[in-house]
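The exercises below are meant for a reader who is opening this structure for the first time. Work through each task with the sequence and the model at hand before reading the solution that follows it.

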Amino acid sequence: MKRRASEKIYYAANTCLLSLISLITLFPLYYVFVVSFTEPSEFIRGGVILFPRTWTTISYEYLLSTRTFIRSILNSGFLATVGTLSSLIVTSGLAYMLSRKRLVGRRVITLLILLTILFSPGMIPNYLVVRELGLINQIWALIIPALSSGWYVLLMKGFFDSIPESLEEAATIDGCNDVGIWLRIILPLSLPAMAAFGLFFAVGYWNTYFSAVLYINNPAKWPLQILLQNLLVDPYMAGGSEGAYVGSEQLNLPPEGLKMAAIVMTTIPILLVYPFLQKHFAKGAMVGSVKE
Amino acid sequence: MTKVSRNTWTRILQDRYLYLLGLPGMLYFVVFKYAPMWGIVISFQDYSPYTGLWKSEWVGFEHFVRFFSNPDFFMLFRNTMAINLLNLLFFFPAPILLALLLNELRTGLFKKSVQSIIYLPHFLSWVIIAGISFQMLSQTEGVVNKLIVSLGYPSVEFLTNENTFWVLLTLQSMWKEAGWGTIIFLAAMASVDPQLYEASKIDGAGPFRLAWHVTLPGIRNVITILLILRLGDIMDVGFEQVYLMMNGAVSSVAEVFDTYVFRVGISQGQFSYSTAIGLFKSVVGLILVILANKSAKRLGEEGVY
């Protein structure tokens, strides 16, 4: 199709604008990356560093030698694996149950779950329930209360709705009960979707922060994000929360590189799953853009 | 027992394994979503963990009266509303505009790259976003101020300035979520009838008119639904974001309902009082969703439910 000159300008402007937006998005991340590898003396000299003259991994070596950092990585890793698996089992079981149209009480239960999206009792009642259950200061406090959500159940139900019930009938004749059907037919059929939901759960657990502020006082059980907060945020806060700061003063390292290295290390797992996540963005977007 | 109900019981019994499958999930919702709703009663009590839910003294609406007559109430209300109105004005339309721009691109490497880049910040935690913000904007070490100083201007306090704190929050939200927000609008735009574009083009419509008269009306229902849900959250401000960005210099403009509930409830242990505040917030949110949904339907749009 022939394009008018004004349209050509329009498309060129569009491309420029989008490039600029991408640049604004990328630059802070690039800067973090660069600072984390910059030689401390070069950083102290000041100025804007876009490409360090000498690359060094000293910040990373130091971080990986501290027990606090390793321990919190392990804690967050535990959350991301055990939490994700538990979330998938609990959420998909309920969603599958609700997707079977013959089920008595299906509409009522679905409505009750929708209601939890529209109305939340608030922070304190949730906190009191967790406390009554004796979960305070246990790593399970970061998993069990976050196992599922109304959005995830309804989204997954929508997915299972598209699996025809006739598939089950054949299995029923073969003598399978519903649990068997779910395990042997439904789950294998929906592996791609489960992977998608799993990745979103995993990112959620990896980024667990506020529930740890609420429920975990014991530094040995801190997830990574709390440690990051101590490292990145508290130095800027007048009277921020006390805690085991990953001491860098005694090593005479400027904390900047250390902080940025911690950000990079925390982001790496997300970057690793990012290409796999991307395939499923359309599904996740429903959760992401609606519930934020 | 009538025939119908016996039939129902047989059906329930037949599906016992199906219920078993949903049982952990149902238990979860009962314990972590509905039991807390029962906990709301403490906002009408003088609850103390030692006397418990059953024996605590009833005080009616005392905590609500106390909260509404507290000067803090006005501050919290103003801050929450200001942050949310800014979000509604600038952060809400941002993904729509961005999606319009992206929608003009033909599928290819450039479009894919732009999308991959602008979706990424969504997956970073607020702790990381706060850390990056400090690294970029700090008055002494921030790269932006280094640039400003090297150009010969005095450094700017971005992080401790009361006047610009709300703007800072809005810009942060846009950086983190505007790109991700485009996905839902792009999906909606993909389902706009291509014939409408062809017809308008023949009528001589340029790209702006196409966007205004074809694309935007085509995704109107998605915009409405997201707007309704957004209104339901108008009393909420992303807690982690404000909590992490708050500092002594800006606390008078940064304190919102959620941070206040956290401070008064968790840190000071005033459970009943803070539950009352949380309840007030949730009820207003629910009323707003219902009202917005009603008016959307009256205007002939599809609602949320």
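The model is a predicted one.

**Exercise 1. Describe the secondary structure of chain A and say how much of the chain is buried.**

Step 1. Counting the elements of chain A gives 14 helices and 0 strands, and the pattern read along the sequence is accordingly α-α-α-α-α-α-α-α-α-α-α-α-α-α.

Step 2. Chain A has 292 residues, of which 36% count as buried.

Step 3. Among the contacts in chain A with a separation of 6 or more, 72% are made by residues 24 or more positions apart.

**Exercise 2. Find the domains of chain A and chain B, and describe how the two domains of each chain meet.**

Step 1. In chain A the assignment gives domain 1 as residues 5–58 and domain 2 as residues 67–284, and the C-alpha centres of these two domains lie 32 Å apart.

Step 2. The contact between them takes 8 residues from domain 1 of chain A and 8 residues from domain 2 of chain A. On the domain 1 side, the elements that give two or more residues are α1 and α2 (40–44) of chain A, and the largest share, 4 residues, comes from α1(A). This side of domain 1 divides into 6 nonpolar residues, 2 polar residues and no charged ones.

Step 3. In chain B, domain 1 covers residues 1–60 and domain 2 covers residues 72–298, with 36 Å between their centres, taken over C-alpha atoms.

Step 4. Here 6 residues of domain 1 of chain B are in contact with 5 residues of domain 2 of chain B, and the residues on the domain 1 side divide into 3 nonpolar, 2 polar and 1 charged.

**Exercise 3. Describe the contact between chain A and chain B, and then one pair of helices that meets across the two chains.**

Step 1. The contact takes 84 residues from chain B and 79 residues from chain A. On the chain B side, the element that gives the most is helix α2 (residues 16–38) of chain B, with 17 residues, and the residues of this side divide into 53 nonpolar, 21 polar and 10 charged.

Step 2. For a pair of helices, take α1 (residues 5–36) of chain A and α7 (residues 109–119) of chain B, which pack at an angle of about 35° with their axes 9 Å apart; the crossing of α1(A) past α7(B) is left-handed.

Step 3. The residues that meet are L18(A), I21(A), S22(A), T25(A) and L26(A) from α1(A), and V114(B), I117(B) and I118(B) from α7(B). Sorted by character, the residues of this contact are 6 nonpolar, 2 polar and no charged.

**Exercise 4. Which residues have the most contacts inside the largest nonpolar core, and what does L228(A) touch?**

Step 1. The largest nonpolar core has 128 residues, and those with the most contacts inside it are L228(A), A99(B), V127(B), A130(B) and F185(B). Helix α10 (residues 165–190) of chain B gives the most to this core, with 12 residues.

Step 2. Once neighbours within four places in sequence are left aside, L228(A) is in contact with A262(A) and T266(A) of chain A and with V127(B), I128(B) and G131(B) of chain B.

Step 3. L228(A) is one of the buried residues of α12(A), and in this helix (residues 224–233) 10 of the 10 residues are buried. The cover over them includes α4 (67–99), α11 (210–215) and α13 (255–278) of chain A, together with α8 (126–137) and α14 (239–245) of chain B.

**Exercise 5. Decide whether I226(A) and N137(A) are buried or exposed.**

Step 1. I226(A) lies in helix α12 of chain A, and it is buried because 24 other C-beta atoms lie within 10 Å, where the cut-off for a buried residue is 20 or more.

Step 2. Apart from neighbours within four places in sequence, I226(A) is in contact with Y209(A), A212(A) and V213(A). The C-alpha atoms of I226(A) and F210(A) are separated by 8.5 Å, although these residues are 16 residues apart along the chain.

Step 3. N137(A) is found in the loop between α6 (123–132) and α7 (150–161) of chain A, and it is exposed because it has 12 other C-beta atoms within 10 Å, the cut-off for an exposed residue being 12 or fewer.

Step 4. The phi of N137(A) is near 65°, a positive value in a residue other than glycine. Most residues other than glycine have a negative phi.

Technical notes: Residues are numbered from 1 along each chain as its sequence is written. Chains are lettered from A and ligands numbered from 1 in the order in which they are written. This is a predicted model: local features need pLDDT of at least 70, side-chain atom pairs count only at pLDDT 80 or more; totals for chains, interfaces and linings use all residues. Axes are lines fitted to C-alpha atoms, for helices over the stretch in contact, and angles run from 0 to 180 degrees between N-to-C directions. A crossing is left-handed if the near helix is turned anticlockwise from the far one by less than a right angle, and right-handed if clockwise. Two residues are in contact if their C-beta atoms, placed from the backbone, lie within 7 Å. Ala, Val, Leu, Ile, Met, Phe, Trp, Tyr, Cys and Pro count as nonpolar, Asp, Glu, Lys and Arg as charged, and the others, Gly among them, as polar. Domain bounds come from an automatic or database domain assignment. A nonpolar core is a set of buried Ala, Val, Leu, Ile, Met, Phe, Trp, Tyr and Cys residues joined through C-beta atoms within 7 Å.
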